[in-house]
Amino acid sequence: MNPSYSPHSVVLGGSGFVGSHLCDRLLEAGHRVTCVDSLLTGRRSNVAHLDGRSDFRFVEQDICSPIAVDGPVETVFHLASPASPKDYYTYPLETLATGSTGTRNALELARRHGARFLLASTSEVYGDPEIHPQQEDYWGRVNPIGPRSVYDEAKRFSEAITAAYRRELDVDTVIVRIFNTYGPRMRAADGRALPAFVSQAFAGEPVTVHGDGLQTRSFCFVSDLVDGLFRAAMSGEAGPINLGNPEEITIGEFAQEVIDCIGSPSELVFTPRPVDDPTVRRPDITRARTLLGWEPRVPRKDGLKRTIDYFAVELGFESAQRRVTDRASRRRSAPAARSAVTVPS
Ligand code: UDP
């Protein structure tokens, strides 16, 4: 290949939280990037910093209509879908359409261009799992008609059609299953645990923990996840491959970590648990380690701090955050004093 040639990647869902970080990463690696997004839940502002670059193009389009891209395409990344529980409860039919018709259009785009295809699937394919931690050969326990099914089953269909395109039409595909991910550019009101906890803690309001807070999740910082997506796409693997951080925490403890990290006076309040909310979730990442040489590197306390700094600006609590941070560093420089702002490890 000509050494000055820039591979062309198409990122479907490229102005969402994860998609926009992936666009950044691909550009850094010297790819040309076409970002396609309907802006149903993605935000144009997530990629606005890339406008004006000759190697970046934004196309506003719903992938439920056929997708046309000019010129050669080496890789298609399919991340398009509402992805937080609140978003897919709000857009149930759109979520089903994107996971079915949209995924087929995405695969057709890859087939026409002879491109490598990466499907961003999800830990939700395991449903409320009986196997813990979750390995890729576990088939899952999903309620096919519950409120979450619009996402879970759409992603399971996406996996099925991706596997069929590989078997029947020889498309070069890889399926990755993304576990809970956090970081800058999450939407404050997307309903997920972290943005909810951070917004409430900054406002000094009660922090809403669903159920008894003993359900668990394992949170991966977005830069780690994007590195895994990139490695999976550049490998010759077919997957499925879990991508996530195996460090598990209860949601109650996680809420308290956020409160402590902000130094907020907020207290926990226990509210009803959503239907079919998984009780435990933790990836087995042996495959990703072995096949991709990948594992998460950002400890939760660092990732949380970076995410909270982002939300402080986004929510207009920047000066409050600075006051808390200043107070904490003054206490740190006085050795006898105990810091009010602690980040449990
Ligand atoms: N959760 C919570 N309070 C909130 C939002 C979420 O306790 O305000 C819980 C939710 O019920 C789940 C966990 O936090 O047990 C993670 O939820 P999230 O929506 O972030 O992602 P999920 O893993 O359910 O897709």
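Helices (H or I, at least four residues) and strands (E, at least two) are DSSP runs, numbered from the N terminus. The structure is a predicted model, in which local features need pLDDT of at least 70 and side-chain atom pairs count only at pLDDT 80 or more, while totals for chains, interfaces and linings use all residues. Residue numbers start from 1 along each chain as its sequence is written.

**Exercise 1. Cis peptide bonds**

Determine where P133 and P240 are placed, and describe the peptide bond that precedes each.

Solution. Step 1: P133 sits in the loop between β5 (116-122) and α4 (149-169). Step 2: the bond joining H132 and P133 is cis, with omega about -5 degrees. Step 3: P240 belongs to the loop between α6 and β11 (241-243). Step 4: the bond from G239 to P240 is cis, its omega being near 0 degrees.

**Exercise 2. A helix pair**

Characterise the packing of α1 with α6.

Solution. Step 1: two packed helices are described by the angle between their axes and the distance between the axes. Step 2: axes are lines fitted to C-alpha atoms, for helices over the stretch in contact, and angles run from 0 to 180 degrees between N-to-C directions. Step 3: the axes of α1 (residues 17-28) and α6 (residues 222-234) come within 10 Å and cross at roughly 65 degrees. Step 4: residues V18, H21, L22 and R25 of α1 meet V222, S223, L225, V226, L229 and F230 of α6, a contact requiring C-beta atoms, placed from the backbone, to lie within 7 Å.

**Exercise 3. Positive phi**

Establish the phi value, location and exposure of D170 and of D276.

Solution. Step 1: a residue is buried if 20 or more other C-beta atoms lie within 10 Å of its own, exposed if 12 or fewer, and partly exposed in between, with C-beta atoms placed from the backbone. Step 2: D170, in the loop between α4 and β6 (173-178), has a positive phi near 65 degrees although it is not glycine. Step 3: D170 has 10 C-beta neighbours inside 10 Å and therefore counts as exposed. Step 4: D276, in the loop between β13 (268-271) and α8 (286-292), is a non-glycine residue with a positive phi near 65 degrees. Step 5: D276 is partly exposed, because 17 other C-beta atoms lie within 10 Å.

**Exercise 4. Surroundings of R306**

Describe the surroundings of R306 in helix α9 (residues 300-314).

Solution. Step 1: R306 counts as partly exposed because it has 15 C-beta neighbours inside 10 Å. Step 2: leaving aside neighbours within four places in sequence, R306 contacts G183 and P184. Step 3: R306 and I249 are 57 residues apart in sequence and, C-alpha to C-alpha, 19 Å apart in space.

Notes:
Two residues are in contact if their C-beta atoms, placed from the backbone, lie within 7 Å.
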